[in-house]
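Please open the model in your viewer and keep the sequence panel beside it, so that each selection below can be made by residue number. The tour moves from one selection to the next and says what is to be found at each stop.

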Amino acid sequence: MGFGEKMLNQFSRTELLLGKEAMERLKESRVAVFGIGGVGGYVCEALVRSGVGSFDLVDDDKVCLTNLNRQIIATRKTVGRYKTEVMKKRILEINPEADVRIHKCFFLPETAEQFSFEEYDYVVDAVDTVTAKIELVLKAQEKNVPIISCMGAGNKLDGSRFQVADIYKTKVCPLAKVMRRELKKRGVKKLKVVYSEETPVRPIDDMASSCRTNCICPPGAVHKCTERRDIPGSTSFVPAIAGLLIAGEVIKDLAGKNN
């Protein structure tokens, strides 16, 4: 190796933009991703490719055939397998040195004490329910851990309408409206979110009816899509855009590049 040259590695292109010290910080960081679905999967993908060294993956779902339209871990080979296990394998295939812990459960107020928030350098909220989102925010802020939450990504078609903002500066998004109200009640002063100002599209049909009569979930599956009151429409690109925006904020915050 000649004078002035250095050894290249899989993160060299990122280091050109962030610098060596920032890459070391990313390597030493542990990020907890709650919800490994259409949004959360792309968050994990971007984080590991950016050099984040440690992960906690939290989800109790298994890959379903209907996930193939948007979830990066969903293939014909992974249908029926736990999402956390599939994501862990994918992370380690990208970076074998990553430390990945999986939690096969849904985050709820009843399960919140199972998680050591003080060990996390960043928390990503990519879960679906308001109750879980609120509890995540409260736990993270109690332990002074940075958190970013994804607002509604379902029933959307225009990925260009997503943006990063404080929860109290959001508009249009129905989920953000509920979160604003509930967080204000609990005295939460701020929360970084990714949200869309696109008015949600009304689904053409109610998919739940066909799911109830023609379920394609693996036999014995405990959590089925039919348990949800509404099943939103989705595309391959909208959840991905939301997830990549979230990952970008996490990386820049951990690397000290956000103002």
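Select V238, which belongs to helix α8 (residues 238-255), in what is a predicted model. With a relative accessible area of 0%, V238 is buried. Now add D158 to the selection: V238 and D158 lie 80 residues apart in sequence, yet their C-alpha atoms are 7.0 Å apart in space.

Stay with helix α8 and select D253 together with K192, whose side chains meet in a salt bridge with an N to O distance of 2.9 Å. Because D253 sits in helix α8 and K192 in strand β7, this pair ties together parts that are 61 residues apart in sequence. Are the two partners buried, partly exposed or exposed? D253 is partly exposed, with a relative accessible area of 28%, and K192 also counts as partly exposed, at 24% relative accessibility.

From K192, extend the selection to the sheet. Seven strands form an open sheet in the order β3-β2-β1-β4-β5-β7-β6, and the pairing is mixed. The edges are taken by β3 (99-103) and β6, each of which pairs on one side only. Averaged over this sheet, and with direction ignored, neighbouring strands are turned by 20° against each other.

Next, select strand β4 (residues 122-125) and display its side chains. Which way do they point? Y122 and V124 point one way from the strand, V123 and D125 point the other way, and all of these residues are buried. On one flank, strand β1 (residues 30-34) pairs with β4 in the parallel sense over four bridges, and F34 stands opposite D125 in β4. Strand β5 (residues 147-150) also pairs with β4 in the parallel sense, here over three bridges, with I148 in β5 as the bridge partner of V124. If helix α5 (residues 130-142) is then added to the display, the path through β4, α5 and β5 can be followed as a right-handed β-α-β unit.

Moving on from β5, select strand β7 (residues 192-196), which pairs with β5 in the parallel sense over three bridges; the bridge partner of S149 in β7 is V193.

The loop between β5 and β6 is the next stop, and N155 is found there. Although N155 is not a glycine, its phi is positive, at about 60°. The same check can be made at V172, in the loop between β6 and α6 (174-185): phi of V172 is near 75°, again a positive value in a residue other than glycine. V172 counts as partly exposed, at 43% relative accessibility.

Now switch to a surface view and return to the loop between β5 and β6, where L157 lies. Together with V201 and F237, L157 forms a nonpolar patch on the surface, and the accessible area of these residues together is about 250 Å².

The last stops concern charged pairs. Side chains of opposite charge can pair when their charged atoms come close. A search of the whole structure finds 15 salt bridges, and one of them joins R90 to E45, with the closest N and O atoms 2.5 Å apart. Since R90 lies in helix α4 (residues 83-94) and E45 in helix α3 (residues 38-50), this pair ties together parts that are 45 residues apart in sequence. R90 counts as partly exposed, at 27% relative accessibility, whereas E45 is buried, with a relative accessible area of 8%.

Then select R101 and D56, a salt bridge in which the closest N and O atoms are 3.0 Å apart. This pair links distant parts of the chain, with R101 in strand β3 and D56 in strand β2 (residues 54-58), 45 residues apart. R101 counts as partly exposed, at 30% relative accessibility, whereas D56 is buried, with a relative accessible area of 1%.

Where does D253 fit in this survey of charged pairs? D253, which is partly exposed with a relative accessible area of 28%, has its own salt bridge with K192. As a final selection, take R30, D56, D99, R101 and E119, which salt bridges with shared partners join into one network.

Key
Residues are numbered from 1 along each chain as its sequence is written. This is a predicted model: local features need pLDDT of at least 70, side-chain atom pairs count only at pLDDT 80 or more; totals for chains, interfaces and linings use all residues. Side-chain values use heavy atoms; hydrogens and water are left out. Buried means under 20% relative accessible area, exposed over 50%, partly exposed in between (1.4 Å probe, protein chains only). Helices (H or I, at least four residues) and strands (E, at least two) are DSSP runs, numbered from the N terminus. Two strands pair if DSSP finds at least two bridges between them. A crossover is right-handed if, with the strands pointing away from the viewer, the path from the first strand over the helix to the second runs clockwise. Patches are made of residues with over 30% relative accessible area and no salt bridge: like charges are joined within 9 Å, nonpolar side chains (Val, Leu, Ile, Met, Phe, Trp, Tyr) within 5 Å. Accessible areas come from the Shrake-Rupley method with a 1.4 Å probe; for residues, only the protein chains shown count as cover. A salt bridge is a side-chain nitrogen of Lys or Arg within 4 Å of a carboxyl oxygen of Asp or Glu. Axes are lines fitted to C-alpha atoms, for helices over the stretch in contact, and angles run from 0 to 180 degrees between N-to-C directions.
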